[in-house]
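Me: Got a minute to go over the charged pairs in this one with me? I'd like to start there and then look at a helix.

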Amino acid sequence: MDRDSSGAAERTEPASPLGKNIHEDTRAADSRASRSGTCRNTDVARARWTLLRQVLRQKQVESPEVKQVSVRRFATFDLFSRKRLVARDHSDTSDDQWVEYRSVYFPEYSALLRDNMGPLRVNEVLNSFDNTGNVCVWPSEEVMAHYCLQKRHMFKGAVCELGGGMTCLGGLMVAICADVTEVLLSDGNEKSIQNVRGLIEKNRQAGKFGSTYVSSRVVRWDCEMDISALEGHFDFIMCADCLFLDQYRASLVDAIRRLLQPSGMALVFAPQRGETLRLFCQLAQQAGFCISQHQQYDAQVWDVHLKMLREGKEVYDENIHYPHLITLTKGPQPVSLTQ
């Protein structure tokens, strides 16, 4: 959905509980390109860009940093079925296709996503802010979405997904399954958010959200303008596989600290990726968070993990594929969130 048509559709929605500060303002998105002094982003996704550039050009991946972010050898934990929907508008010649993602273990819940099933365009991948989220649903995001369905009764109030990429599948599933007042889907990439605006409207038209207010916006963790507009608002914050960029790990911790209410909780799903998970936990502890780390938190995910360790060693690497669950709170941790 283009920006103008998205904006026109969104003006018919109920007023946001956040008021003017987090209205899905497409006008503000136009001005973000000029904020380089505040939100420096020239090297944010260098490792991922390099990976995608080399894959697209069929070159061998040599850099250790590139190998650290390569997860696509193992694509899914098979927690969602994927059904391509037949397009009603035959005049639409774009590569984007609507797909229904339905939970395998909670089949009463499904979401409509827009996947690009055509060839990746090199220029689009290399010339935007952290474009890997525009490529696919990554394993950690899939696991987080499944976990949110499993624990849907714990969510309340306002929920935000940070770094959700093209689909924000975890936050989207919370909007569909949980009794919450609002869900904000966010990413640092404008193209991702353009896509998310379209899928919000598609799922809203399909009656997926009930009375929950669902919105989207660009949120960059190191950008004061983005963070201050949302400060102290959310009861739950979630993110998946967002820890591996060294220069932005501390910004993510600070963003979570500022956006979370005093009684709120953050759910972070991420593989170990060498030292990246440990370093994130260290920074979070230094920021005053109470931390709990869980390796075995869901029976279905754990079963797939063990099976892949036995049978899929040629494609599955626990260090970069299996997401741990980190919970962050500003006070004592609640009752265990694991099974």
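What follows is a chat about salt bridges and one helix in a predicted model.

Me: How many salt bridges does the count come to?

Reply: The count comes to 9 salt bridges in this predicted model.

Me: OK, take Arg273. Which side chain does Arg273 meet in a salt bridge?

Reply: Asp241, with 2.8 Å from N to O.

Me: And where do the two lie?

Reply: Both are in loops. Arg273 lies between β8 (260–270) and α11 (276–286), while Asp241 lies between β7 (234–240) and α10 (246–259). The two are 32 residues apart in sequence, so their salt bridge ties together separate parts of the chain.

Me: Is Arg273 buried or exposed?

Reply: Buried, at a relative accessible area of 2%. Its partner Asp241 is buried too, at 8%.

Me: Switching pairs. What does Glu190 form a salt bridge with?

Reply: Arg197, and the closest N and O atoms are 3.3 Å apart. Glu190 has 16% relative accessibility, and because the cut-off for buried is under 20%, Glu190 counts as buried. Arg197 counts as buried as well, at 4%.

Me: Now the helix. Which residue does Arg257 pair with?

Reply: Arg257 forms a salt bridge with Asp254, and their closest N and O atoms are 2.5 Å apart.

Me: How are those two placed in α10?

Reply: They sit 3 residues apart in the helix, which puts about one helical turn between them. In general, an α-helix has 3.6 residues a turn, so residues three or four places apart point the same way.

Me: Buried or exposed, that Arg257?

Reply: Neither, really: Arg257 is partly exposed, with a relative accessible area of 34%. Asp254 is also partly exposed, at 31%.

Me: Which residues do shared partners join into one network?

Reply: Glu224, Glu231 and Arg258 are joined into one network by salt bridges that share partners.

Me: Back to α10 itself. What's its reach from first C-alpha to last?

Reply: α10 has 14 residues and reaches 21 Å, close to the 20 Å expected at 1.5 Å a residue.

Me: Which residues of α10 are buried?

Reply: The buried ones are Tyr248, Arg249, Ser251, Leu252, Val253, Ala255, Ile256, Arg258 and Leu259. So Arg258, from the network above, is on that list.

Me: Last one: what covers them?

Reply: The cover over the buried residues of α10 includes α9 (224–228), β7, β8, α11 and β10 (324–329).

Technical notes
Residues numbered from 1 in each chain as written. Predicted model: local features only at pLDDT ≥ 70, side-chain atom pairs only at ≥ 80, totals over all residues. Heavy atoms only, no water. Salt bridge = Lys/Arg side-chain N within 4 Å of Asp/Glu carboxyl O. Buried < 20%, exposed > 50% of the residue type's maximum accessible area, 1.4 Å probe, protein only. Helix = DSSP H or I, 4+ residues; strand = E, 2+ residues; numbered from the N terminus. Expected span 1.5 Å × (residues − 1). Contact = heavy atoms within 4.5 Å.
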